[in-house]
Amino acid sequence: MTSIFLTNAVARVEISPQLGGAILAYDAKLHNQFFPILRDSHKAKSVLESSCFPLVPYSNRIKHGQFNWQEKSITLPLNHLPEKHSIHGHGWQRPWEVTHQTDNSLTLQYHYQTAEWPFSYSAQQVFTLKDKSLNIVLSLINTSNSKMPAGLGLHPYFSLTNETSFKCSVDQMWAVDDESMPTKLVDAPKAMHSSKGLSILESNLDNVFTGFTGVANVTWPEWQAKANISTSSNCKFMVIYSPEGEDYFCFEPVTHGTDAINRSGKGMKNTGVMSLNPQEKMTISMRISPEELSKP
């Protein structure tokens, strides 16, 4: 499986077009040594072992892979058994095609033809490395002849140390059942808004947060380093996935909540699901900018 590398004097990124268009490594030079901003997964054999993958044409779960759209009942294959729900769309499980490449940028495309998901579409990822910062732009065009439900997201795996903390501003958090399906809105952890931030090692989350402002940061005190994260304004939701006993946590900027198509169909407001007209395009972006912190 051939990887493509974006490199400069202070950062390096490894990307695998074949493995779901996923990032396999993103390292930045801080205090004269390279640190893995995203987990090192250059030996990944599956996309779930990667450092970041695209969520297209929807993120998170569609309950039991079933939904109604424009008076049609649609059933999707369960694409991550034994998971009981269809999850994360198609792009993460398909190879992508290289359409443009330079020393510091890469453009990948993926085309979906109508199948169980009864809409065709084209997706594109553009990766750009500038100094230490990595920018990812993910876009989607509805190439079918009817309106298509749509959403986008990115699924990065950030490196986790004992003292890693995460900060951002959100409104609320969806509590979930044992299948990670939303049950009710509850208060988000207060530490997330605090000056110190939320201790990831002390958290065990797999939750969607609402009212995300598009700005967050991850701090690694042991490295005297942080990463400032900014996303496009249409990523009004985000997911934190921090399973116990792992060396990573996921911060996923997304445009809609879990099972948004079904929940919207039941009259729920602010689900985030989009209805794309034929040839209409939607785009999200995320920039990760590592920086050194002053040594105490």
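Begin by selecting the nine strands that form an open sheet in the order 10-11-12-13-26-22-21-16-19, in which the pairing is antiparallel. Strand 10 (97-101) and strand 19 (198-199) stand at the edges with a single partner strand each, so one side of each is left without a neighbour in the sheet. Keep in mind throughout the tour that this is a predicted model.

Stay at the edge formed by strand 10 and colour strand 11 (residues 105-112) beside it, since these two strands pair in the antiparallel sense over four bridges. A hairpin of three residues joins strand 10 to strand 11, and if you show H100 as sticks you will find T107 of strand 11 standing opposite. In a regular strand the side chains alternate between the two faces of the sheet.

Next, display the aromatic side chains, among which a search of the whole structure finds 15 aromatic pairs. Select F67 and W117, whose ring centres are 5.8 Å apart and whose planes stand at 50°, so the pair is tilted. F67 belongs to strand 7 (residues 66-69), whereas W117 lies in the loop between strand 11 and strand 12 (121-130), so the pair ties together parts that are 50 residues apart in sequence. Both F67 and W117 are buried. Then move to F158, F166, F212, F249 and F251, which form one aromatic cluster.

W117, F158, F166 and F251 are worth keeping on screen for the next selection, because together with M238 they have the most contacts inside the largest nonpolar core, a set of buried residues joined through side-chain atoms. That core has 70 residues. Centre the view on M238 and show its surroundings: leaving out residues up to four places away in sequence, M238 touches F166, C168, V170, M192, N207, V208, F209, F212, F251, E252, P253 and V254. A second, separate core of 17 residues can be picked out as well, and V47, F237, Y248 and C250 are included in it. In soluble globular proteins, nonpolar side chains tend to be buried together.

Now turn to the charged side chains, where three salt bridges are found in the structure. Side chains of opposite charge can pair when their charged atoms come close.

Select R12 and D27, whose side chains meet in a salt bridge at 3.3 Å, N to O. R12 lies in strand 2 (residues 11-16) and D27 in strand 3, so this pair ties together parts that are 15 residues apart in sequence. How exposed is R12, and does D27 count as buried or exposed? R12 counts as partly exposed at 37% relative accessibility, while D27 is buried, with a relative accessible area of 13%. Before leaving R12, add F34 to the selection, as the charged end of R12 sits over the ring of F34, 4.0 Å from its centre.

Select R61 and E83 for another salt bridge, in which the side chains meet at 3.0 Å, N to O. This pair links distant parts of the chain, with R61 in strand 6 (residues 61-62) and E83 in the loop between strand 8 (72-75) and strand 9 (86-87), 22 residues apart. R61 and E83 are both buried.

The salt bridge between the side chains of K84 and E179 has a distance of 3.2 Å, N to O. K84 is in the loop between strand 8 and strand 9, and E179 is in the loop between strand 17 (172-176) and strand 18 (182-187), 95 residues away. K84 is partly exposed, with a relative accessible area of 48%, and E179 is also partly exposed, with a relative accessible area of 26%.

Finally, select L24, which has its place in strand 3 (residues 22-30). L24 is buried, having a relative accessible area of 3%. Which residues is L24 in contact with, leaving aside its neighbours within four places in sequence? They are S3, E14, I15, S16, L19, R39, D40, S41, H42, A44, S50 and S51. From L24 you can draw a distance to T161, which is 137 residues away along the chain, and the two C-alpha atoms are separated by 19 Å. From R39, one of the contacts of L24, go on to Y157, where the charged end of R39 sits over the ring, 3.9 Å from its centre.

Key. Residues are numbered from 1 along each chain as its sequence is written. This is a predicted model: local features need pLDDT of at least 70, side-chain atom pairs count only at pLDDT 80 or more; totals for chains, interfaces and linings use all residues. Side-chain values use heavy atoms; hydrogens and water are left out. Two strands pair if DSSP finds at least two bridges between them. Rings of Phe, Tyr and Trp (its six-membered ring) pair if their centres lie within 6.5 Å; planes under 30 degrees apart count as stacked, over 60 as edge-to-face and the rest as tilted. Buried means under 20% relative accessible area, exposed over 50%, partly exposed in between (1.4 Å probe, protein chains only). A charge sits over a ring if NZ of Lys or CZ of Arg is within 6 Å of the ring centre and within 35 degrees of the ring normal. Contact means heavy atoms within 4.5 Å. A salt bridge is a side-chain nitrogen of Lys or Arg within 4 Å of a carboxyl oxygen of Asp or Glu. A nonpolar core is a set of buried Ala, Val, Leu, Ile, Met, Phe, Trp, Tyr and Cys residues joined through side-chain atoms within 4.5 Å.
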